[in-house]
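The report below works through a single protein chain, moving from its overall make-up to its cores, its helices and its aromatic contacts. The sequence and the coordinates are shown first, for reference.

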Amino acid sequence: MALKVVHVMEVPSLHQVPETPSAAALLPRAAARGFVVLGHRGKGMNALESADLRMRAVKENSLLSFNRAALFPIDFVEFDVQVTKDDCPIIFHDDIILTEDSGKILEKHVTDLYLEEFLSYGPQREPGKVGKSLLRKTDDGRVLKWNVDDDDSLCTLQEAFEKIDSRLGFNIELKFIDHKVYLARDLTHALEAVLKVVYEHANGRPIIFSTFQPDAAQLLRKLQTVYPVFFLTTGGTETSDDVRRNSLDEAIKLCLASGLQGIVSDVKGVFRNPSAVSSIKASNLSLLTYGHLNNVPEAVYMQHLMGIDGVIVDLVEEITEAVSDFITPTSVAEEHEGLSDAVVEARQVKVRARPNFSQRELSFLLKLIPELVQH
């Protein structure tokens, strides 16, 4: 079924809403280095078919994963929020939830479940209680057992606010089914359920909203002006019937017309069209990226040089270490104060080892990258 959209009218334009801070400005640490690192679904997504054991170390989108990510110098955790049939915002990525019963694979839309049924899948917190098996469908259609090294129960948005360090920011991705027609009132109902939890439990926590659903992004900006709203896009790496989702240029238009604060793009979309970064910056918008390339330190460093504001990553430990290596301290004296000579020398070696591109070399790389990421 082709994607259909219901355009939301009378969304406030940029001059009608107060300015809200960019992603980097929301946290002192991120503001100091001008670059944001976000943990994807906590300490990283689960790729059950991957040979990389790190991709199934801990259950994604769980309290355990969020708190594991918080052990490293990240700024935000990114996670996916949907709303159950009884209006409870829960954290889960996939549209469909799968289980096995008497040898049969059963599947339901997450948003068709009541909260109690949703929480009955997977590990249970109540001692002695056994939950329904939890399966997952891969991109190529295979159904696998959702086995990870460290499992955890499914959780709600409220629990995330209550049980994760308040200094850690939340990038709340609002999930909607791609091939479904949404009326404005249905989108509003779901968004208001999420906002109710946020208003009651945020307590000053830095928050960014994001969504692939253009009408939901517009509506959310109309419903509130407290938190930044970012538009998620594949940046032209995939094609949708909704033209607003098909390029970075269209994403810029949507943001400017609707008073949104930024764009979250597939990093391949940015690398294929690096000139869009200048257009985004000239439009006074923030730019974050997601995608497998963000698990490669060199690709992250390149984005830092390009002026991109931050990256959503799966390999939290490795990428935060790499970022700490290539971000130049604002004050060398302050950075070295109280450190031994050996530690200072080690840090200086890291700085010397950091790639130092000339403007000519950087221009060459920007021209070369679109060719490298075509496949």
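A residue is called buried here if its relative accessible area is under 20%, exposed if that value is over 50%, and partly exposed in between. By this cut-off Phe79, at 0% relative accessibility, counts as buried, and Phe66, also at 0%, counts as buried. The model under discussion is a predicted one, and every value in what follows was computed from its atoms.

**Overall make-up**

The protein chain contains 14 helices and 14 strands, and of its 375 residues 50% count as buried. Among contacts in the chain with a separation of 6 or more, 68% are between residues 24 or more positions apart. The chain exposes about 18,100 Å², of which carbon and sulfur atoms supply 52%.

**Nonpolar cores**

In soluble globular proteins, nonpolar side chains tend to be buried together. In this model the largest nonpolar core has 73 residues, and those with the most contacts inside it are Ile172, Val198 and Phe209. Helix α5, residues 184-201, gives the most to this core, with eight residues. Once its neighbours within four places in sequence are left aside, Val198 is in contact with Leu157, Phe161, Ile172, Ile207, Phe209 and Tyr227. A second core, separate from the largest, has 13 residues and includes Phe92, Val110, Trp146 and Leu154.

**Helices α5 and α6**

Helix α5 has 18 residues and reaches 26 Å from its first C-alpha to its last, which is close to the 26 Å expected at 1.5 Å a residue. Its buried residues are Leu187, Thr188, Ala190, Leu191, Ala193, Val194, Leu195, Val197, Val198 and His201. These buried residues pack against β2, β3, α4 (157-163), β9 (169-174), β10 (207-211) and α6 (214-223). Asn203, which follows α5, has a positive phi, near 50°.

How many of the 10 residues of α6 are buried? Eight of them are, so α6 is largely enclosed by the rest of the structure. The buried residues are Pro214, Asp215, Ala216, Ala217, Gln218, Leu219, Leu220 and Arg221, a list that includes Asp215 and Arg221 as well as residues such as Leu219 and Leu220. The elements that cover them include β9, α5, β10, β11 (229-233) and α7 (248-258).

**Aromatic contacts**

A pair of aromatic rings is described by the distance of the centres and the angle of the planes. A search of the whole structure finds 10 aromatic pairs, two of which are set out in the table.

| Pair | Distance of centres | Angle of planes | Class |
|---|---|---|---|
| Phe35 and Phe326 | 6.2 Å | 70° | edge-to-face |
| Phe66 and Phe79 | 5.2 Å | 45° | tilted |

The pair of Phe35 and Phe326 links distant parts of the chain, 291 residues apart, with Phe35 in the loop between α1 (28-33) and β1 (36-40) and Phe326 in helix α11, residues 316-326. Phe35 counts as buried at 0% relative accessibility, and Phe326 counts as buried at 7%. In the second pair, Phe66 lies in helix α2 (residues 63-69) and Phe79 in strand β2, so the pair ties together parts that are 13 residues apart in sequence. Phe66 and Phe79 also belong to a cluster in which ring pairs link them with Phe161 and Phe170.

Charged side chains also meet aromatic rings in this model. Arg205 lies over the face of Phe170, at 4.0 Å from the ring centre, and Phe170 is one of the residues of the ring cluster just described. The charged end of Lys59 sits over the ring of Trp146, 5.3 Å from its centre, and Trp146 is among the residues of the second core.

**Positive phi in loops**

Two loop residues remain to be described for their backbone. Asp87, in the loop between β2 (76-83) and β3 (89-91), has a phi near 70°, a positive value in a residue other than glycine. Asn284, in the loop between α9 (275-282) and β13 (286-290), has a positive phi of about 60° although it is not a glycine. Are these residues exposed or partly exposed? Asp87 is partly exposed, with a relative accessible area of 38%, whereas Asn284 is exposed, with a relative accessible area of 62%.

Conventions
Residues numbered from 1 in each chain as written. Predicted model: local features only at pLDDT ≥ 70, side-chain atom pairs only at ≥ 80, totals over all residues. Heavy atoms only, no water. Core = buried A, V, L, I, M, F, W, Y, C linked by side-chain atoms within 4.5 Å. Buried < 20%, exposed > 50% of the residue type's maximum accessible area, 1.4 Å probe, protein only. Helix = DSSP H or I, 4+ residues; strand = E, 2+ residues; numbered from the N terminus. Contact = heavy atoms within 4.5 Å. Phe/Tyr/Trp six-rings, centres within 6.5 Å; stacked < 30°, edge-to-face > 60°. Lys NZ or Arg CZ within 6 Å of the ring centre and 35° of its normal. Expected span 1.5 Å × (residues − 1). Areas by Shrake-Rupley, 256 points an atom, 1.4 Å probe, with all protein chains shown as cover.
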